[in-house]
Amino acid sequence: MDARSPDLASDGLETVLPGATGWRADAAADLKRSLPEVNRTIAIPTGGHWVRRLLAFAGPGYLVSVGYMDPGNWATDLAGGSKFGYTLLSVILLSNLMAILLQALAARLGIVTDRDLAQSCRATYSRPVNMLLWLACEAAIIACDLAEVIGTAIALKLLFGIPLIGGALLAALDAFLLLILMNRAFVFSKPSSLHCWW
């Protein structure tokens, strides 16, 4: 691998050496963070009862837990379990353990480096390796989103009688419309705060 290691000679993260490489070089260049509208934190009340402080984490914690558990995957697991019994239980257990490990590693990376995985890879690896990682991620995204597009097409067929190809095209157009609206600051109305449109 063509990796650039960070310069470990400095005492702290706030001290950046002129000849620094890797992550420190990007920090020295004062590069803008990607997705600054989502790189924010929630306001935590300092006074009052401890329950009030706990409730400040309840909303984001609920969203993260639902996104992590992904009810669609669990519905698929239940459907597979009803057909194959306990045969696939070990696969589900191993995949959940692997997901927990990857989530813990991603959280540690974000806490220590103040970067997500994509930013860390870009700062660490060479351009050809980054292009290969990008292509692998795009293929994984397409594979994961394929179920949602097919599900949308089936739902449109059941509800409105739209053919499956037309429903899949409508689902794709919907995704592009959402990206255009996000680009025109429709979803995030203020750069200082996160406003959800749903």
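Which residues make a nonpolar surface patch of about 500 Å²?

1. The nonpolar surface patch of about 500 Å² is made by Leu146, Ile150, Ile154, Leu158 and Leu164, and what follows should be read with the reservation that this is a predicted model. The largest share of the patch, four residues, comes from helix 6, which covers residues 127–160. As background to that arrangement, an α-helix has 3.6 residues a turn, so residues three or four places apart point the same way.

2. On individual positions in helix 6, leucine 146, which lies in this helix, counts as partly exposed because its relative accessibility is 47%, between the limits of 20% and 50%. Glycine 151 is also found in helix 6, and with a relative accessibility of 36% this glycine likewise falls in the partly exposed class. Between the C-alpha atoms of glycine 151 and leucine 164 the model places a separation of 9.8 Å, for two residues that are 13 apart along the chain; leucine 164 is itself one of the residues that make the nonpolar patch.

3. Confidence deserves a separate comment, since the chain has a mean pLDDT of 75, with 69% of its residues reaching 70 or more. Among the elements of the chain, helix 6 has the highest confidence, at 90, whereas helix 1, residues 23–28, has the lowest, at a mean of 54. Residues 1–18 have a pLDDT below 50, and this stretch makes 28 contacts in the model beyond near neighbours in sequence. Over residues 188–198 the pLDDT is also below 50, and here the contacts beyond near neighbours in sequence number 15.

4. As to the overall fold, the chain contains seven helices and zero strands, so that the order of elements from the N terminus reads α-α-α-α-α-α-α. Of the 198 residues in the chain, 12% are buried, and the chain exposes about 15800 Å², of which carbon and sulfur atoms supply 70%. If one considers the contacts with a separation of 6 or more, residues 24 or more positions apart account for 35% of them.

5. Helix 5, residues 117–124, has Gln119, Ser120, Cys121, Ala123 and Thr124 as its buried residues. At the start of this helix, a side-chain oxygen of aspartate 116 comes to within 3.3 Å of the backbone nitrogen of alanine 118.

6. Is arginine 122, which lies in helix 5, buried or exposed? Arginine 122 is exposed, because its relative accessible area of 66% is over the 50% limit; in sequence, this arginine falls between Cys121 and Ala123, which are among the buried residues of helix 5. From C-alpha to C-alpha, arginine 122 and tryptophan 134 are 9.9 Å apart in space, while in sequence they are twelve residues apart.

Note on methods. Residues are numbered from 1 along each chain as its sequence is written. This is a predicted model: local features need pLDDT of at least 70, side-chain atom pairs count only at pLDDT 80 or more; totals for chains, interfaces and linings use all residues. Side-chain values use heavy atoms; hydrogens and water are left out. Helices (H or I, at least four residues) and strands (E, at least two) are DSSP runs, numbered from the N terminus. Buried means under 20% relative accessible area, exposed over 50%, partly exposed in between (1.4 Å probe, protein chains only). Contact means heavy atoms within 4.5 Å. Accessible areas come from the Shrake-Rupley method with a 1.4 Å probe; for residues, only the protein chains shown count as cover. Patches are made of residues with over 30% relative accessible area and no salt bridge: like charges are joined within 9 Å, nonpolar side chains (Val, Leu, Ile, Met, Phe, Trp, Tyr) within 5 Å. A salt bridge is a side-chain nitrogen of Lys or Arg within 4 Å of a carboxyl oxygen of Asp or Glu. pLDDT is the predictor's confidence in each residue, from 0 to 100. A polar contact is a pair of N or O atoms within 3.5 Å; within protein, one must be able to donate a hydrogen and the other to accept it, and residues adjacent in sequence count only if both atoms are side-chain atoms.
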